[in-house]
Structure formats: C-alpha cells, structure tokens
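Subject: Structure handover

Dear colleague,

I am passing on the structure that we talked about, and my notes on it follow below. Please keep it open while you read, so that each residue can be found as it comes up.

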Amino acid sequence: MSYSPSSEILCHSPRVTVIGAGRVGSTLAQRIAEKNLADVVLLDIIEGIPQGLALDLMEARGMELHHRKIIGTNNYTDTSNSDVVVITAGFPRKPGMSRDDLLLMNAKIVVESATKAIAYSPNAIYVIVTNPLDVMTYLAWKATGLPCDRIMGMAGVLDSARFQTFIAMELGVCPSDVNAMVLGSHGDLMVPLPRYSTVNGIPITELLDEATIERLVERTRNGGAEIVQLMQTGSAFFAPASSTCVMVESILQNQLRLLPVAAYLQGEYGLNDIFTGVPCYLGSGGIEKVVELSLTDEESSALERCTQAIRKNIEKTQEMFAGARR
C-alpha cells in the first residue's frame with residue numbers, strides 16, 4: 001500500500017505559552033522544547049527579546065535532537081489554544097529584598113498577563129511562577145475566574161527540591177534517593193516536613209540529629225535569598241525552571257505525579273479561600289486531587305501562620321489596587 005498524506009493520522013501537538021522571557025521563562029522554554037514535551041510560545045513585552053531567544057532555541061534543535069517549534073512574540077494572539085500557560089513575568093528580587101517587597105508591581109503584571117492570556121486560551125491550565133507566588137496565584141485566579149483545579153502556583157516543587165539537595169549534600173547520598181516535602185507559602189514561613197522527607201524510604205529523622213535538621217530547614221527557607229545574595233544582580237532560574245517543567249510534564253502527559261504546589265484550599269488542612277503549598281496529584285485536568293497529610297499540632301500551627309501572612313498580603317495588594325484606581 002502506497003503512502004499518501006491523507007492516510008496520516010493527525011495528532012494535536014501540545015502547546016505551552018510562557019509569559020515572560022527572562023531567565024526563568026527562557027530556561028523553561030528550553031527545558032520544555034528539549035524534553036520534546038510541547039511546542040512553545042515565548043511572550044514578552046520587550047520587542048525582539050522573545051523573537052531572538054526563540055530563533056536561538058530553534059537553531060539548536062538539530063543538535064538537541066527534537067522537532068519542537070518555538071515562537072517568540074509580543075502579541076497574545078500568538079498564544080491561542082495553549083494547553084498550559086505559565087506566567088513568569090515580573091521583577092526579580094534584589095539583595096536585601098523579600099519576595100513580599102515585589103507585591104504591587106508584580107501583581108499588576110500578573111493580573112494583566114492572566115487576563116490577556118485567558119482570552120485566547122480559555123481551556124488552558126495556568127501555572128503561576130511570579131513572586132510572591134501564593135498571592136500572585138490568588139490574584140490571577142480572581143482575575144480569570146478559572147476553576148480552582150486549573151490554576152496553581154509553582155513553589156513547593158522548588159522548595160522541596162532545595163530541601164532534597166541540602167539533605168543529599170549533608171548525607172553524601174544521591175539526590176534521586178531523597179524525597180523531601182515542603183508545605184505552605186513560598187517564603188520565610190514555609191513548612192519543611194522532616195517526618196515526610198526520606199532517603200530510600202527512611203525518614204531523615206532517623207538519619208540526622210535535630211540540630212542538623214533544623215539547620216537544613218533554615219537553609220531551605222532562605223534558599224532563594226542565599227542565591228540572590230551570591231549573585232547580587234539576579235535570582236535563581238535554573239531550579240525554578242526545572243521545577244516548573246516537572247509540573248508541565250505531569251500535566252501534559254497525565255502522569256498524576258504527587259507534587260507540592262500552591263493549590264486552592266476548600267477546607268483541607270482546616271483552611272479556606274487561600275492558595276498555599278500542599279501535595280497534589282497533577283494530571284491532564286490540572287489539580288486532580290489535593291492530598292491531606294496528617295500533621296502534628298506544631299506543623300498545623302506553622303501552616304496556619306503561613307496562610308495568615310498570605311491573607312494579609314492579599315488584602316494589602318487589593319487595598320493598593322483600590323487606591324491606585326481612585
């Protein structure tokens with residue numbers, strides 16, 4: 001039987017839009033394309049930057065052995081019919097700044113980006129990366145009116161990866177043998193859980209003394225600030241891009257990986273109307289299920305403190321928006 005184009009079964013090629021062509025966004029575009037997960041649209045407001053980055057990535061395809069199309073654009077119409085939209089746009093931290101210092105200026109960027117993107121990709125799953133992440137995810141959810149299972153923040157994956165790294169470095173073991181779990185906000189009040197962090201199934205509480213664990217916990221909480229302080233002129237981008245890529249991959253390939261992400265809570269952990277980091281199954285529908293871990297009173301109190309801080313920042317941002325409109 002001779003081959004004819006009409007006999008070919010045409011399959012939908014997944015499409016991921018990355019809004020923000022800075023270091024995180026451009027590295028994420030590279031990760032997604034080179035893992036052959038999807039075609040990528042890289043959008044930024046600065047003319048020429050996303051186009052140049054996209055062309056550079058396209059010219060590497062033959063050497064990286066993938067066939068994905070990467071488009072650079074300043075126009076949201078080019079993002080139409082995306083399966084996943086990732087928002088990385090915003091200002092990074094500088095030395096001495098906290099993630100919360102970025103509140104108002106990044107809130108405006110994220111709300112505008114989410115509102116424009118959903119007009120062209122109403123059925124996409126949205127992943128927010130811009131800091132302060134938990135607040136930005138809540139504001140994007142409000143701005144778009146998306147079902148809560150189709151919007152989430154990347155935080156716990158990155159924080160858990162940092163905790164995983166520090167545990168592996170301390171014990172001198174392979175990082176892939178370490179599983180770490182961090183709940184709560186992507187900030188100084190995050191809640192690393194040593195009881196749920198293991199090396200090949202063995203809790204680190206059996207392998208490390210309390211003082212060492214507390215030191216690793218504190219380093220995890222300050223993981224982003226440590227990099228900012230070292231770099232002086234920038235912030236982390238390799239690990240954040242990899243963390244986001246893991247989430248995108250689980251969604252596109254319906255892997256149902258159990259990952260800690262900033263999800264909307266409706267009674268889980270005794271919390272309501274808030275986005276914060278909890279373990280979730282990620283699949284083709286977005287957040288397929290929130291997993292509620294059994295927490296000690298101390299862990300529950302720490303998680304409550306996280307959400308109180310997030311609520312205050314949401315209220316502060318809403319007041320700033322209202323003041324700006326007057």
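I begin with H186, which is buried because its relative accessible area is 6%, under the 20% that serves as the cut-off. Please bear in mind throughout that this is a predicted model. H186 sits in the loop that runs between β8 (182-183) and β9 (191-192), and UniProt lists H186 under "active site", although the entry is an unreviewed one.

Another histidine that I looked at is H66, located in the loop between α3 (61-64) and β3 (70-73). With a relative accessible area of 8%, H66 is also buried. Leaving aside residues up to four places away in sequence, H66 touches A33, E34, N36 and R61, and a polar atom of the H66 side chain lies 3.1 Å from the backbone nitrogen of R68.

Turning to the strands, β4 (residues 84-87) is covered on both of its faces, with V84 and V86 buried on one side and V85 and I87 buried on the other. This fits the general pattern that in a regular strand the side chains alternate between the two faces of the sheet. β4 pairs in the parallel sense with β1 (residues 15-19) over four bridges, and it pairs with β5 (residues 125-128), again in the parallel sense and over four bridges. V86 can be followed across these pairings, since V18 stands opposite V86 and the bridge partner of V86 in β5 is V127.

V127 appears again in the largest nonpolar core, which has 83 residues, and in which I32, V127, M152, M247, V261 and L282 touch the most other members. Helix α5 gives the most to this core, with seven residues, while a second, separate core of 14 residues includes A180, I204, I213 and V217. As a general rule, nonpolar side chains in soluble globular proteins tend to be buried together.

How far should the twelve residues of helix α5 (residues 133-144) span? At 1.5 Å a residue the expected span is 16 Å, and the end C-alpha atoms are 16 Å apart, which agrees. Ten of the twelve residues of α5 are buried, so that the helix is mostly covered, and among the buried ones are L133, Y138, W141 and T144. After α5 comes G145, which has a positive phi, near 70°.

With best wishes

Definitions and conventions:
Residues are numbered from 1 along each chain as its sequence is written. This is a predicted model: local features need pLDDT of at least 70, side-chain atom pairs count only at pLDDT 80 or more; totals for chains, interfaces and linings use all residues. Side-chain values use heavy atoms; hydrogens and water are left out. Helices (H or I, at least four residues) and strands (E, at least two) are DSSP runs, numbered from the N terminus. The expected span of a helix is 1.5 Å times one less than its number of residues. Buried means under 20% relative accessible area, exposed over 50%, partly exposed in between (1.4 Å probe, protein chains only). UniProt positions are given in the numbering used here, feature names are shortened, and annotations may be inferred rather than shown by experiment. A polar contact is a pair of N or O atoms within 3.5 Å; within protein, one must be able to donate a hydrogen and the other to accept it, and residues adjacent in sequence count only if both atoms are side-chain atoms. Contact means heavy atoms within 4.5 Å. A nonpolar core is a set of buried Ala, Val, Leu, Ile, Met, Phe, Trp, Tyr and Cys residues joined through side-chain atoms within 4.5 Å. Two strands pair if DSSP finds at least two bridges between them.
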